[in-house]
Amino acid sequence: DAWVVYQSRVYDVSDWHEHPGGGVIFTHAGDDMTDIFAAFHAQGSQAIMKKFYIGDLIPESVDHKDQRQLDFEKGYRDLRAKFVMMGIFKSSKPYYAYKCSFNMFMWLLAVAMVYFSDSLAMHIGSALLLGLFWQQCGWLAHDFLHHQVFKQRKYGDLAGIFWGNLMQGFSMQWWKNKHNGHHAVPNLHNSSLESQDGDPDIDTMPLLAWSLKQAQSFRELNVNGKDSTFVKYAIKFQAFTYFPILLLARLSWLNESFKTAYGLGASTENAKLEMEKRGLQYPRLEKIGIALHYSWMLALSSGFGRWSIAYSLMYFFTATCSSGFFLALVFGLGHNGMAVYDATTRPDFWKLQVTTTRNITGGHGIPQFFVDWFCGGLQYQVDHHLFPMMPRNNIVKCHKLVESFCKEWDVEYHEADMWDGTVEVLSHLQNVSDDFLVDMVKDFPAM
């Protein structure tokens, strides 16, 4: 049962599993999707909505918005129109040709360091370089699958399969379902464990909790309504286990991607429903891409047949764990430790995206040029979340105007360098742990 509002018109998209963007459309059931629709879709996409139109929204029913809020919404929609007129949604093909070429150079260098050398130090260096290569592939796949580069979406999807499935071992459709849901509702809790209206990127229980409510969410799974022993210890020590968990992130993503591509399962209820109703968009290419990824990775991890099993596993896990850390570090800095909302009480689009997101700057001896390269455009996470289809080569221009707009309307706009941001994340985890333990003692004083 999914009714949505677009520009004061109401549409019934219930059971529309053929939606080209997948199950993400259901994250805004019962809500105004005007701005998230604009963020995700090319001009003219609204034409397909005509068949779902059921009537106009009664103006008096929108009693939660005062005139200032309505003016604010008009202001950021006007800003988006200004960006379109400025042409900064147009990508630079030479820029992306350079980024793709540089990535392939990293891969070839990592392969050469194994093929032409028998040095342990050289092999460890190769593994770390491969981990960094995978991280940078993640940013490229991200740009292509957000359709920042090509107007023809099929070209972006095919580039996403190359940089995602073939080079990283990540399923394109698994990523799109997970990431589109994250963009639609960043840092929102599911309204229940079975619902589909929350951010999959913070669905990290029972290992990590980003709010007291989330820390207590697993109680409903137990007959006695209490926290399990595992949950108690996991949440108590989560500030210390955060970085070790990041090291294992890529293993989890590889597992979920393999299951998605070969029809062996799904990571969320939303993804499960999408696979049951719609299936893979590119089933053959997804399977072939992941099979070829493991083929070249097996050859490289075995030293092209020269290494023992133990040595091969050392190389594989060094590359895999370092990549998971490099990727998740940027993801964590982008959102973790920022505002968290219930799905039923989220603010408007702009405030939701800005208050749940942190930009990353240079500082504490880390130069800005390194941050710009390492984070792959996501150092401007706030700006990216507001305009996800804006190409990386233009995000700096966007940033200055967004920052000015936020100041004009007195909207929080948070930035921190990599060190301070990490401290904020760990402090937030510790605060949730402390609140959880205090509340647990109040609820169950006999413990």
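The expected span of a helix is 1.5 Å times one less than its number of residues. Keep that rule handy for this tour, where helices (H or I, at least four residues) and strands (E, at least two) are DSSP runs numbered from the N terminus. The model is predicted, so local features need pLDDT of at least 70 and side-chain atom pairs count only at pLDDT 80 or more, while totals for chains, interfaces and linings use all residues. Residues are numbered from 1 along each chain as its sequence is written, and side-chain values use heavy atoms, with hydrogens and water left out.

**Stop 1: helix α10**

Select residues 249-261. These 13 residues of α10 should span 18 Å at 1.5 Å a residue, and the end C-alpha atoms are indeed 18 Å apart. Now colour by burial: buried means under 20% relative accessible area, exposed over 50%, and partly exposed in between (1.4 Å probe, protein chains only). The buried residues of α10 include Trp253, Leu254, Arg250 and Glu256. Step just past the helix to Gly263, which has a positive phi of about 65°.

**Stop 2: helix α17**

Go to residues 395-408. The 14 residues of α17 should span 20 Å, in agreement with the 20 Å between its end C-alpha atoms. Which side chains are buried here? Pick Ile395, Cys398, His399, Val402, Phe405 and Cys406 in α17. They sit on the same side of α17, because they cover an arc of only 135° around the axis, the arc being that of the directions from the helix axis to the C-beta atoms. An α-helix has 3.6 residues a turn, so residues three or four places apart point the same way. Spin the view to the other side of α17 and you'll meet the exposed Lys400, Lys407 and Glu408.

What covers the buried residues of α17? Show α2 (67-86), α14 (349-355), β6 (358-361), α16 (381-386) and β7 (414-417), which are among the covering elements. Contact here means heavy atoms within 4.5 Å. Just after α17, Asp410 takes a positive phi of about 55°.

**Stop 3: Val382**

Stay in the neighbourhood of that list and select Val382, found in helix α16. Val382 is buried, at a relative accessible area of 0%. Leaving aside residues up to four places away in sequence, Val382 touches Val354, Thr357, Arg358, Asn359, Tyr413 and His414. For a distance label, try the C-alpha atoms of Val382 and Ile360: 9.6 Å, with the two positions 22 residues apart along the chain.

**Stop 4: Asn336**

Next, pick Asn336, in the loop between α13 and β5 (341-342). Its relative accessibility of 12% makes Asn336 count as buried. Draw a line to the side chain of Tyr242: a polar contact of 3.3 Å joins it to the side chain of Asn336. (A polar contact is a pair of N or O atoms within 3.5 Å; within protein, one must be able to donate a hydrogen and the other to accept it, and residues adjacent in sequence count only if both atoms are side-chain atoms.) Residues up to four places away aside, Asn336 also touches Trp210, Phe331, Arg358 and Val425.

**Stop 5: salt bridges**

Switch to charged side chains. A salt bridge is a side-chain nitrogen of Lys or Arg within 4 Å of a carboxyl oxygen of Asp or Glu, and the whole structure has 13 of them. Start with Arg9 and Asp56, at 3.7 Å from N to O. This pair links distant parts of the chain, 47 residues apart: Arg9 lies in strand β2 (residues 9-12) and Asp56 in strand β3 (residues 53-56).

Then jump to Asp118 and Arg306, whose closest N and O atoms are 3.4 Å apart. Here the partners are 188 residues apart, with Asp118 in the loop between α3 (93-115) and α4 (120-145) and Arg306 in the loop between α12 (283-301) and α13 (309-335). Asp118 is exposed at 67% relative accessibility, and Arg306 is partly exposed at 38%.

Buried or exposed, what are Arg219 and Asp227? Both are buried, and their side chains meet in a salt bridge of 3.0 Å, N to O. Last, select Asp35, Glu73 and Arg77, joined into one network by salt bridges that share partners.

**Stop 6: the nonpolar cores**

A nonpolar core is a set of buried Ala, Val, Leu, Ile, Met, Phe, Trp, Tyr and Cys residues joined through side-chain atoms within 4.5 Å. The largest has 60 residues, and Leu130, Phe133, Trp163, Trp296, Tyr315 and Phe374 have the most contacts inside it. Helix α4 gives the most to this core, with twelve residues. Finish on a second, separate core of 42 residues, which includes Tyr11, Ile88, Trp409 and Val411.
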